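Trainee: Got a minute to walk me through this one?
Mentor: Sure. Pull it up and we'll start.

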Amino acid sequence: MRTALLTGVALVAVAIYANTAAASDCASKDKQAKLSEVSVEQLASLIGKKKVTVIDASGTDTRTEYGVIPGASLLTSSREYAMSELPKDRDANLVFYCGGPMCSAAPKAAKRAVGAGYTQVSVLEAGIKGWVEAGQPVSKPQA
């Protein structure tokens with residue numbers, strides 16, 4: 001009877017641990033899934049204060065059509081970029097953007113940065129289209 005009681009206690013402990021670990025995993029995934037968003041005005045202010053690294057995750061066609069935010073780093077690919085394309089400082093304030101709200105390149109690239117340990121990662125949901133519509137400056141991409 002004592003063995004059965006100990007076995008039962010052990011099973012309860014394992015079940016509690018498994019549920020706690022599963023809840024913790026879900027919380028981590030939810031935290032990674034939700035990215036901070038910045039507005040055009042907020043990003044313009046951060047750029048003016050030199051407190052941000054802006055990262056363009058757009059494709060060549062979007063860059064050619066709309067231009068790029070001046071000073072932005074251009075990723076070679078939103079999915080497969082080398083981590084060396086990002087600042088070495090994992091605590092740097094990064095804002096990713098792409099074409100606009102219907103484009104998924106910036107969120108994908110930003111989530112990849114979070115997965116690599118970057119702690120201050122945001123997305124300009126309005127994208128370059130919203131940036132241009134707000135009358136903010138753009139530059140032509142360098143070939």
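**Strands and a pocket**

Mentor: Three bridges join β1 to β5, and the two strands run parallel. Keep in mind that this is a predicted model.

Trainee: Which residue in β5 is the bridge partner of V38?
Mentor: L124 is the partner of V38.

Trainee: And how many bridges join β4 to β5?
Mentor: Four, and that pair is parallel too. β4 covers residues 93-97. Within the pair, L94 stands opposite V121 of β5.

Trainee: How does the chain cross from β4 to β5?
Mentor: Through α4. That β-α-β crossover is right-handed.

Trainee: Is β5 mostly covered or mostly open?
Mentor: Mostly covered. Of its five residues, four are buried.

Trainee: New topic, pockets. How much space lies in the second largest pocket?
Mentor: About 150 Å³. The lining of that pocket has 15 residues. Closest to the centre are L35, E37, P107, V123 and E125.

Trainee: Which elements each supply at least two residues of that lining?
Mentor: β1 (36-38), α4 (105-115) and β5 (120-124). So you meet β1 and β5 again, the parallel pair joined by three bridges.

Trainee: Which element gives the most to the lining?
Mentor: α4, with three residues. α4 is also what the chain passes through between β4 and β5.

Trainee: What is the lining like by class?
Mentor: Nine residues are nonpolar, four are charged and two are polar.

Technical notes:
Residues are numbered from 1 along each chain as its sequence is written. This is a predicted model: local features need pLDDT of at least 70, side-chain atom pairs count only at pLDDT 80 or more; totals for chains, interfaces and linings use all residues. Side-chain values use heavy atoms; hydrogens and water are left out. On a 1 Å grid over the protein atoms alone, a cavity is a set of points where a 1.4 Å probe fits but cannot get out, and a pocket is an open set with protein on both sides within 12 Å along at least five of seven lines; lining residues have an atom within 4 Å of a point. Grid points are joined across faces, edges and corners, and a volume is the space filled by probe spheres set on the points. Ala, Val, Leu, Ile, Met, Phe, Trp, Tyr, Cys and Pro count as nonpolar, Asp, Glu, Lys and Arg as charged, and the others, Gly among them, as polar. Buried means under 20% relative accessible area, exposed over 50%, partly exposed in between (1.4 Å probe, protein chains only). Two strands pair if DSSP finds at least two bridges between them. A crossover is right-handed if, with the strands pointing away from the viewer, the path from the first strand over the helix to the second runs clockwise.
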